[in-house]
Amino acid sequence: MSGDTETLDELSQEYRQSMPEDLRETKSFEWYLDEVYADPKIARNAHQRVADMFDHYGTEYDEETGVVEYRLASEDPLHDGENRFFGRVVHESIHEFVNKVKSGARRLGPERRIKLLLGPVGSGKSHFDKQVRKYFEDYTLRDEGRMYTFRWTNLCSVIDDQDPADDTVRSPMNQDPLVLLPQEQRESVIEGINERLDAPYTIRNEQSLDPESEFYMDRLLAHYEDDLKEVLANHVEIVRLTADENKRQALETFEPKDKKNQDETELTGDVNYSKIAVYGESDPRAFDYSGAFCNANRGVFSGEELLKLQREFLYDFLHATQEQTIKPKSNPRIDIDQVIVGRTNMPEYKDKKGDEKMEAFNDRTKRIDFPYVLSYENEADIYDKMLGNADVPDIHVEPHTLEMAGLFGVLTRIEEPDTELVDLLQKAKAYNGEVDEADDIDIKKLRDEAESKAEIGEGMDGISPRFIGDEIAEAIMDSKHRSRGFLSPLTVFNFFEENLEHHGSIPEENFDRYYRYLETVREEYRERAIEDVRHALAYDVDEIQRQGEKYMDHVMAYIDDDTVEDELTGREQEPDETFLRSVEEKLEIPEDRKDDFRQEVSNWVSRRAREGEAFNPQDNERLRRALERKLWEDKKHNINFSALVSANEFDDDERNQWIDALIEQGYSEDGAREVLEFAGAEVAKSELEE
């Protein structure tokens, strides 16, 4: 082996180590009985196993929101974070989903309901559903998630008309081996294992054997004169069961091919016509357990676009949920054990919700809303993840590009505030966590007002991340075609504007409003770009530290009704109100709110001191911004604005210093030149007009 290549031996060893040691082994029923006493969790039902799966990969509790973040979603440890989920509202939805599964594990009712993931297109519900299935596959490969089923063997030695091809038959429903015990004896075993169980739930199993296994059990018991031990010892082998979506084993994703011509056998199974000639039409051995509910047994059933199915077809879900059974045509009922998850978009949900004939189905669903992300930085994380997972060309994404794209998306999703004190942009910033102690913004009140105002819930409408992601991708490729090695907000804005009306999922009546939002985002970016240019042109770390210390000295004296020492004369003097206001006005803090702001920064400095942290104005976003703006005011008269706006002076030493300063802020060289021309011209224009 050379370099970072791997030999076939190494690859084979890696694979072998990833598989359970007992995957290919067969065990006796007596072994299983001993094992289930030693580790009762191997006999868990589907809800219990899925609930434990979420906890297995780790959790983090947010005391402020009361929401548990599950690391299989927040960190995606199996795939190095490739499929992480971002946003408070999304993790609230996942928390709600898991709570319903955990309630079902305790038999509180949700185990008999469809977990219906409801949301607009591109909100992440399908992504989450897939994540659950992927992690369930992995969990069942681990010792903590192991489960077992059984197979019948040596059947031809006892059953005369058994097809030699069926001498060994696996449990067609992959049932737990405990179902082989008659109910009375099974309850005795379960009582014993529950005494040993360390879990917030108890083990139960009241299922009947599937019809085919019931047939074999009856024939074998008759042959051995009801000696159950002989039947289990001579004709039953215990095998490891792992979930595998590709094999349709304990996992099933269901979407009928023809929504106008649906057949219930897709769900419940059908006659195995190749076996009718061998066994006869009414023989349980001639049934094909290939229905979606059969395949999903012991695991997760996932119904794609569930409410697009015909009403009559959905009736099959009634027994599957409430009674936890299915009833195939011309066949006895079959017990099932699975977490049934459905997904649907808003139009289908609204249609079925208003249908009186769907009352029974609707009553058997537990709706979990999957809204769009409402924090624009979290939205930017989605696009950053998209770029990280793709083979992105050698292109530099400029500061603010993804954040401004995310802000545009969020503005289309949140409800207009009812109060005049907060506009839509301020609300978006508040949802992003940009609320200072002195701001009179009640986020909880904003959320409550929005929930009561929205038809279903805030974030359930608006522009999809898919549209924004697609336009970012187009902007990247366009930049490459034009030999631009960077992607800027200005380029992305142009693609939004050009293609907004060409996207099929955006209603025409929303165009004008969305164009207004795009202008709002352009203006927000303009302010941020100007701030970056100001920072590059006038930034001085030492001066900001000195000015910050001076400001805090005067603030503390003001609060304590004390004096400060004059820097030049050394004499004690009153706090310099003119200096204090020159800083505060840079944040547009009015005269009647100055005391609140001063107390806010004073409290912040005191907390830092108690924690042993030295004062550094760079660590306080508002104070840093105010001091930078004041420094700009003090230094702007010494800046050569003609060099700033001139495209012919790129080699000027002063201009190159500005570009270097912007590069330190995360810009590429070409991106720095663009922002200088865009924001620099705006700054120069405003300053020259004064």
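**Packing of helices α24 and α26 and the setting of α19**

Helices α24 and α26 are roughly perpendicular to each other, since angles of 65 to 115 degrees are counted in that class. In this predicted model, α24, spanning residues 541-559, packs against α26, spanning residues 594-610, at an angle of about 110°, and their axes lie 10 Å apart. The crossing of the two helices is left-handed. On the α24 side, the contact is formed by Tyr551, Met552, Val555, Met556, Tyr558 and Ile559, whereas α26 contributes Lys594, Asp595, Phe597, Arg598, Gln599, Val601, Ser602 and Val605. Classified by residue type, this contact of α24 with α26 comprises nine nonpolar, two polar and three charged residues.

Helix α19, which covers residues 424-431, is largely enclosed by the rest of the structure, because six of its eight residues are buried. The buried positions are Leu424, Leu425, Lys427, Ala428, Ala430 and Tyr431, and they pack against four helices, namely α17 (376-389), α18 (401-411), α20 (443-453) and α23 (511-538).

Features at the two ends of α19 were also examined. The N-terminal end of α19 is capped by aspartate 423, a side-chain oxygen of which lies 3.2 Å from the backbone nitrogen of leucine 425; leucine 425 is itself one of the buried residues of the helix. Beyond the other end, α19 is followed by glycine 433, for which phi is positive, near 90°.

Technical notes. Residues are numbered from 1 along each chain as its sequence is written. This is a predicted model: local features need pLDDT of at least 70, side-chain atom pairs count only at pLDDT 80 or more; totals for chains, interfaces and linings use all residues. Side-chain values use heavy atoms; hydrogens and water are left out. Axes are lines fitted to C-alpha atoms, for helices over the stretch in contact, and angles run from 0 to 180 degrees between N-to-C directions. Angles under 35 degrees count as roughly parallel, over 145 as roughly antiparallel, 65 to 115 as roughly perpendicular and the rest as oblique. A crossing is left-handed if the near helix is turned anticlockwise from the far one by less than a right angle, and right-handed if clockwise. Contact means heavy atoms within 4.5 Å. Ala, Val, Leu, Ile, Met, Phe, Trp, Tyr, Cys and Pro count as nonpolar, Asp, Glu, Lys and Arg as charged, and the others, Gly among them, as polar. Buried means under 20% relative accessible area, exposed over 50%, partly exposed in between (1.4 Å probe, protein chains only). A polar contact is a pair of N or O atoms within 3.5 Å; within protein, one must be able to donate a hydrogen and the other to accept it, and residues adjacent in sequence count only if both atoms are side-chain atoms.
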